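I opened a notebook page for this structure and listed what to look up: the ligand and its surroundings, then the aromatic rings.

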Amino acid sequence: MRKLIDKLEKDKKLSYDEWKSLLEYGFKECREGKALPLFDNDSLLAYASEKARNIRLCVFGNKVYIRGLIEYTNFCKNDCYYCGLRLGNREVKRYRLDKETILKCCEAGYELGFKTFVLQGGEDPYFTAEKMEEIIRVIKEKYPDCALTLSVGEKDMETYKLWKNAGADRYLLRHETADKEHYEKLHPKDMSFDNRMECLKNLKELGFQTGCGLMVGSPYQDIDCIVKDMKFIEKLQPEMVGIGPFLPQHSTPFRDKNAGGLEETLFILSLVRIMLPSVLLPSTTALGTVKEGGRELGILCGANVVMPNLSPLDYRESYQLYDNKICMGDEAAESIKSLSKNMAKIGYEVVRDRGDSPKMKLQ
Ligand code: 5AD
């Protein structure tokens, strides 16, 4: 099995069957509790994570990039079965931040040294293509030295183009799963796997630094789903990949489903780093939620990005994609301080760079 990891490092790809054996074996060790700790352990996770760490050290040194996350609307027209913001969830207090409040978040973030802002929200029809365009323009005018990432779902090519021309740099749109049948078990009928794939293709084509991603351990996911995810990532060559464990949310249809595993998530993170050496790979909030210190483990498995929250504290509790989300009450300044301290403890340095994909500099 180690040979397959060596092969992945060398060729940056594996066949379907090779992925399947590697994932099956690695996941079995995870289930049997053999995968952690990362050090002094002869598990596949330990082996993969060491390679992943070395590769990330070659490409990025020990730097950890930070992104200021602004959760600007929790209205959503979609009804994804896993997500706490789904349309059918009547328990959420819905909110939208106006342009002025969004700008205040950027201002506070800029003072703290953030050079990337991430506008993340549900698919909220109130924010029309034109309204978003205006917000993008103002942010980029005020902060020309900062990168702007959008994470606002599926739109048509024209809209993506408008936003790219307005100055947006990056776009996160997790594919969620690369298996169509699985996609249909996670989403209602009015959502389309093919459209999600089309959107990702369009974003790439427009020159966005593009991020796809998945939840590890989502309901009905099997090894073949993850093999397809890895093959998909191999083919798309995204600049960013968002990976976290699935975590149940109490007012969704998946409230009683099991959470995804920490070890399995770490294994996938390591393999993605080995396959795509220059990828921007966040150690997600979901990873920090599934276990205390989870985000540090993510960094030790090749992740190189963290995304502290810049959203106003009053709204945080209304943005719960899943239960027990961490950092609900932390001011951005506090988060940054404790993050920097925790990262320093494991030998990594939180930096204030824009942290673009190294691939973009080559173009
Ligand atoms: N558990 C973990 N991740 C979730 N997301 C949404 N709901 C959950 C959940 N219950 C992730 C999805 C989405 C991203 C913004 O958050 O992958 O793309």
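**Ligand contacts**

I began with R174, where a polar side-chain atom lies 2.9 Å from an oxygen atom of the ligand. The model I am reading is predicted.

Next I looked up contacts made by the backbone. A backbone N or O atom of Y82 lies 3.0 Å from a nitrogen atom of the ligand. For L321, a backbone N or O atom is found 3.4 Å from a nitrogen atom of the ligand. I then checked the area: the ligand taken alone exposes 410 Å², and the protein buries 87% of that.

Which residues surround the ligand? I noted Y82, C83, R174, E176, M215, P245, F246, L247, L321 and Y322.

**Aromatic pairs**

How many aromatic pairs does a search of the whole structure find? I wrote down 13. I took Y81 and F254 as one of them: their centres are 6.0 Å apart with 70 degrees between the planes, and the pair is edge-to-face. I then traced where the two rings sit. Y81 is in the loop between β2 (68–73) and α4 (99–111), while F254 is in the loop between β7 (240–245) and α10 (262–275), so this pair ties together parts that are 173 residues apart in sequence.

Is F254 buried or exposed? Its relative accessibility is 4%, so I entered F254 as buried. Y81 has 24% relative accessibility, so I entered Y81 as partly exposed; the limit for buried is under 20%.

I turned to Y160 and Y171. Their ring centres are 5.0 Å apart and their planes stand at 70 degrees, so I entered this pair as edge-to-face. An angle over 60 degrees is what that label needs. Y160 belongs to helix α6 (residues 157–165) and Y171 to strand β5 (residues 170–172), 11 residues apart. I found both Y160 and Y171 buried.

I also followed ring pairs from one residue to another. They link Y81, Y220, F246 and F254 into a cluster. F246 had already come up in my notes, among the residues that surround the ligand.

**Charges over rings**

Last, I looked for charged groups over rings. The charged end of R96 sits over the ring of F75, at 3.8 Å from its centre. Where does K131 lie? I found K131 over the face of Y126, 4.1 Å from the ring centre.

Technical notes. Residues are numbered from 1 along each chain as its sequence is written. This is a predicted model: local features need pLDDT of at least 70, side-chain atom pairs count only at pLDDT 80 or more; totals for chains, interfaces and linings use all residues. Side-chain values use heavy atoms; hydrogens and water are left out. Rings of Phe, Tyr and Trp (its six-membered ring) pair if their centres lie within 6.5 Å; planes under 30 degrees apart count as stacked, over 60 as edge-to-face and the rest as tilted. Helices (H or I, at least four residues) and strands (E, at least two) are DSSP runs, numbered from the N terminus. Buried means under 20% relative accessible area, exposed over 50%, partly exposed in between (1.4 Å probe, protein chains only). A charge sits over a ring if NZ of Lys or CZ of Arg is within 6 Å of the ring centre and within 35 degrees of the ring normal. A residue is near a molecule or strand if one of its heavy atoms lies within 4 Å of it. A polar contact is a pair of N or O atoms within 3.5 Å; within protein, one must be able to donate a hydrogen and the other to accept it, and residues adjacent in sequence count only if both atoms are side-chain atoms. Accessible areas come from the Shrake-Rupley method with a 1.4 Å probe; for residues, only the protein chains shown count as cover.
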